[in-house]
Amino acid sequence: MSKAITVKVTTVKVIKALETRLATLEKDYATQETKEAKYQKAMETWRKEVGKWAIANFSKAENIRINYRNYNHTLNIDFDIITKESVFPIEPQKDFEIIRQHSYDEMKEEIRNALSILRMTDELTVNTSTMNQIAKYL
């Protein structure tokens, strides 16, 4: 049988942590468009670099497939190059998460509500059930 965990964290520390999280959330939401544009630009550059690498290594190509689409006059050439991942340019990774408007509004409102309630309390510590409710934001 498991024992219940009792958590006693000072209200001031919880308020400070929630304020920090709210500021981080607002900053992340405000800068996500810039970060996404930077990521898309890096992806486009990577695609061009991989394309140049693939053309330079076309002599190693296997399973060459050619398809011509007459309706839009498009020639599609597809092929495989068997190689190790470390040989061609490394794909850029996203180091951020896109926050949708409705999720942002909901999280921001819940954090603000928690802050309002915690600022009104006379208790010196936050109980376990309250910590369980706000832990997802910390």
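# Hairpin, salt bridges and main pocket

R65 and D78 form a salt bridge in this predicted model, with their closest N and O atoms 2.7 Å apart. The pair links distant parts of the chain, R65 sitting in strand β2 and D78 in strand β3, 13 residues apart. In the whole structure, a search finds 7 salt bridges. The points below cover the strand pair, its nonpolar surface, the salt bridges and the pocket.

**The β2–β3 hairpin**

- Strand β2 covers residues 62–69 and strand β3 covers residues 74–80; the two pair in the antiparallel sense over 6 bridges.
- R69 has T74, in β3, as its bridge partner.
- Between the two strands of this hairpin there are 4 residues.
- H73 lies in the turn and has a positive phi of about 55°.
- R65, the β2 member of the salt bridge with D78, counts as partly exposed, at 30% relative accessibility.
- D78, on the β3 side, is also partly exposed, with a relative accessible area of 33%.

**Nonpolar surface patch**

- F58, I64, I66, Y68, L75 and I77 make a nonpolar surface patch of about 610 Å².
- β2 and β3 are the elements that give two or more residues to this patch.
- The most comes from β2, which gives 3 residues.
- I64 has its place in strand β2.
- The relative accessible area of I64 is 43%, so this residue is classed as partly exposed; the patch takes residues with over 30% relative accessible area and no salt bridge.

**Salt bridges of helix α1**

- K108 and E26 meet through their side chains in a salt bridge, at 3.6 Å from N to O.
- Helix α2 (residues 101–120) holds K108 and helix α1 (residues 11–56) holds E26, so this salt bridge ties together parts that are 82 residues apart in sequence.
- K108 counts as buried because its relative accessibility is 17%, and the cut-off for buried is under 20%.
- E26, in contrast, is partly exposed, with a relative accessible area of 28%.
- E36 and K94 also meet in a side-chain salt bridge, with an N to O distance of 3.3 Å.
- The E36–K94 pair links distant parts of the chain, 58 residues apart: E36 is in helix α1, and K94 is in the loop between β3 and α2.
- K94 counts as partly exposed, at 40% relative accessibility.
- E26, K108 and R112 are joined into one network by salt bridges that share partners.

**Largest pocket**

- The largest pocket holds about 260 Å³ of space.
- Its lining consists of 15 residues.
- Nearest the centre of the pocket lie I117, L118, V126, T130 and I134.
- At least two lining residues each are supplied by α2, β4 (125–126) and α3 (128–134).
- α2 gives the most to the lining, with 4 residues.
- Helix α2 thus appears in two of these topics: it holds K108 of the salt bridge with E26, and it contributes to the lining of the largest pocket.

Technical notes
Residues are numbered from 1 along each chain as its sequence is written. This is a predicted model: local features need pLDDT of at least 70, side-chain atom pairs count only at pLDDT 80 or more; totals for chains, interfaces and linings use all residues. Side-chain values use heavy atoms; hydrogens and water are left out. Two strands pair if DSSP finds at least two bridges between them. Patches are made of residues with over 30% relative accessible area and no salt bridge: like charges are joined within 9 Å, nonpolar side chains (Val, Leu, Ile, Met, Phe, Trp, Tyr) within 5 Å. Accessible areas come from the Shrake-Rupley method with a 1.4 Å probe; for residues, only the protein chains shown count as cover. A salt bridge is a side-chain nitrogen of Lys or Arg within 4 Å of a carboxyl oxygen of Asp or Glu. Buried means under 20% relative accessible area, exposed over 50%, partly exposed in between (1.4 Å probe, protein chains only). On a 1 Å grid over the protein atoms alone, a cavity is a set of points where a 1.4 Å probe fits but cannot get out, and a pocket is an open set with protein on both sides within 12 Å along at least five of seven lines; lining residues have an atom within 4 Å of a point. Grid points are joined across faces, edges and corners, and a volume is the space filled by probe spheres set on the points.
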